[in-house]
Amino acid sequence: MSPKARQSKGKARVTAYEKLLDAETEARREELEIYIPSGPRLGDVVIDFKGVSKGYGDRLLLDNLDLTIPAGSIVGVIGPNGAGKSTFLKLITGDERPDGGTVSVGQTVALSYVEQMRDSLNPDRNVWEEITGGVEMVELGPRKVNSRGYVASFNFLGSDQQKKVGVLSGGERNRVLLAKMLKAGGNVLLLDEPTNDLDVNTLRALEEALEEFAGNAIVVSHDRWFLDRIATHILAFEGESQVRFFYGNWSDYEADRRKRLGTEAERPHRVTYRKLTR
């Protein structure tokens with residue numbers, strides 16, 4: 001797909017948010033391998049940062065960030081490790097507070113958060129119990145589906161559903177947490193490195209599910225191919241405590257960065273921060 005076509009696809013998703021909620025799109029979602037319920041209808045305000053600053057120790061991660069996330073968007077969050085990407089998600093959830101400015105989350109927003117460390121999982125439960133709570137039918141928005149079938153859609157087949165969470169690999173734990181959180185019915189998904197260790201089949205199914213999801217997703221990821229396929233916007237932590245919000249996917253952003261920085265864009269460098277003054 002050409003850059004122009006990709007950008008047009010992203011714009012169509014944002015400008016046609018209402019269409020993502022209609023019966024035709026809902027029917028199409030039901031045919032996907034992974035089904036994400038749409039959650040409540042989003043209002044005019046989704047997530048809004050006004051003059052937000054945040055630092056740790058003497059490092060300033062965010063400096064006077066202004067950002068409005070439009071309904072229906074899928075925002076890919078990129079940048080080096082330690083730049084502040086996970087902190088950005090925690091500012092949205094309220095687990096972290098800004099040092100300056102305000103973070104506003106719309107009254108109609110229902111958050112579903114898939115955190116990077118997977119610490120919320122119970123190691124003593126088996127896969128099926130941890131995902132479903134041990135019920136035979138699970139509710140996915142207005143639908144009820146067989147819980148074994150739902151777990152199987154995340155590539156846990158047969159006896160794999162009886163494995164204890166505590167013995168799972170990193171990729172398997174990732175799939176458990178995705179399955180558990182995506183059924184919760186949120187309309188804004190916060191996904192911190194959701195593609196880590198995922199098998200190809202689950203990765204492709206997740207891409208399709210997010211593209212058809214009737215809501216917002218904010219995805220922290222180093223997987224540029226994944227962001228190329230799903231992102232309508234990129235939020236890039238570029239160093240020196242600066243964050244750029246760009247309309248387009250990863251390839252569109254990278255082309256813009258090369259245009260702005262020239263040969264400097266090709267030079268590897270460690271993330272730098274402005275000094276925090278209090």
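At the start of helix H10, a side-chain oxygen of Asn-249 reaches to within 3.3 Å of the backbone nitrogen of Ser-251, and I should say at once that what we are looking at is a predicted model. Helix H10 itself covers residues 250–261, twelve residues in total, and from its first C-alpha to its last it reaches 16 Å, which is close to the 16 Å expected at 1.5 Å a residue. Its buried residues are Trp-250, Asp-252, Tyr-253, Glu-254 and Arg-257, and after the helix comes Gly-262, where phi is positive, near 65°.

Helix H8, residues 200–212, can be described in a similar way. At its N-terminal end the cap is Asp-199, with a side-chain oxygen 3.3 Å from the backbone nitrogen of Asn-201. What span should we expect for the 13 residues of H8? At 1.5 Å a residue they should span 18 Å, and since the end C-alpha atoms are 19 Å apart, the two values agree. The buried residues of H8 are Thr-202, Leu-203, Ala-205, Leu-206, Glu-207, Ala-209, Leu-210 and Glu-212, and Leu-210 comes up again among the residues with the most contacts inside the largest nonpolar core, together with Tyr-150 and Ile-234.

That core has 44 residues, and apart from it lies another core, of 25 residues, which includes Leu-62, Leu-67, Ala-83 and Tyr-113. To stay with Tyr-150 for a moment, and leaving out residues up to four places away in sequence, Tyr-150 touches Tyr-35, Ile-131, Val-138, Leu-140, Val-145, Ala-179, Leu-182 and Lys-183.

Two of those residues, Val-138 and Leu-140, form the covered face of strand E6, residues 137–140, while Met-137 and Glu-139 form the uncovered one. In general, side chains in a regular strand alternate between the two faces of the sheet. Strand E6 runs antiparallel to strand E7, residues 143–146, and four bridges join them, with Leu-140 standing opposite Arg-143. The hairpin made by E6 and E7 has two residues between the strands, and there Gly-141 takes a positive phi near 60°.

Let me turn now to the open sheet, whose six strands follow the order E5-E8-E9-E3-E10-E11 with mixed pairing. Its edge strands, each of which pairs on one side only, are E5, residues 111–114, and E11, residues 242–247. On average, neighbouring strands of this sheet are turned by 15° against each other, with direction ignored.

Within the sheet, E3, residues 74–78, pairs with E9 in the parallel sense over four bridges, and Val-77 in E3 stands opposite Val-220 in E9. Helix H4, residues 85–93, packs on the sheet, where it touches E3, E5, E8, E9 and E10, and its direction makes about 150° with that of E8. Helix H7, residues 170–182, also packs on the sheet, touching E5 and E8, and its direction makes about 175° with that of E5.

Which way do the side chains of E8 point? Val-188, Leu-190 and Asp-192 point one way and Leu-189 and Leu-191 the other way, and all are buried. As for its partners, E8 runs parallel to E5, to which it is joined by four bridges, and it pairs with E9, again in the parallel sense, over five bridges. Leu-189 appears in both pairings, as the bridge partner of Ser-112 and as the residue whose bridge partner in E9 is Ala-217.

Just beyond E9 is Ser-221, which is found in the loop between that strand, residues 216–220, and helix H9, residues 224–230. Is Ser-221 buried or exposed? Its relative accessibility is 3%, so Ser-221 counts as buried, the cut-off for that being under 20%. The side chain of Ser-221 reaches the backbone nitrogen of Asp-223 at 2.9 Å. Neighbours within four places in sequence aside, Ser-221 is in contact with Val-77, Ile-78, Glu-193, Thr-195, Phe-226 and Leu-227, and Val-77 is the residue we have already met opposite Val-220.

Finally, some values for the whole chain. The secondary structure comes to ten helices and twelve strands, and 49% of the 278 residues count as buried. Among contacts between residues at least 6 apart in sequence, 68% join residues at least 24 apart.

Notes:
Residues are numbered from 1 along each chain as its sequence is written. This is a predicted model: local features need pLDDT of at least 70, side-chain atom pairs count only at pLDDT 80 or more; totals for chains, interfaces and linings use all residues. Side-chain values use heavy atoms; hydrogens and water are left out. Buried means under 20% relative accessible area, exposed over 50%, partly exposed in between (1.4 Å probe, protein chains only). A polar contact is a pair of N or O atoms within 3.5 Å; within protein, one must be able to donate a hydrogen and the other to accept it, and residues adjacent in sequence count only if both atoms are side-chain atoms. Contact means heavy atoms within 4.5 Å. Two strands pair if DSSP finds at least two bridges between them. A nonpolar core is a set of buried Ala, Val, Leu, Ile, Met, Phe, Trp, Tyr and Cys residues joined through side-chain atoms within 4.5 Å. The expected span of a helix is 1.5 Å times one less than its number of residues. Axes are lines fitted to C-alpha atoms, for helices over the stretch in contact, and angles run from 0 to 180 degrees between N-to-C directions.
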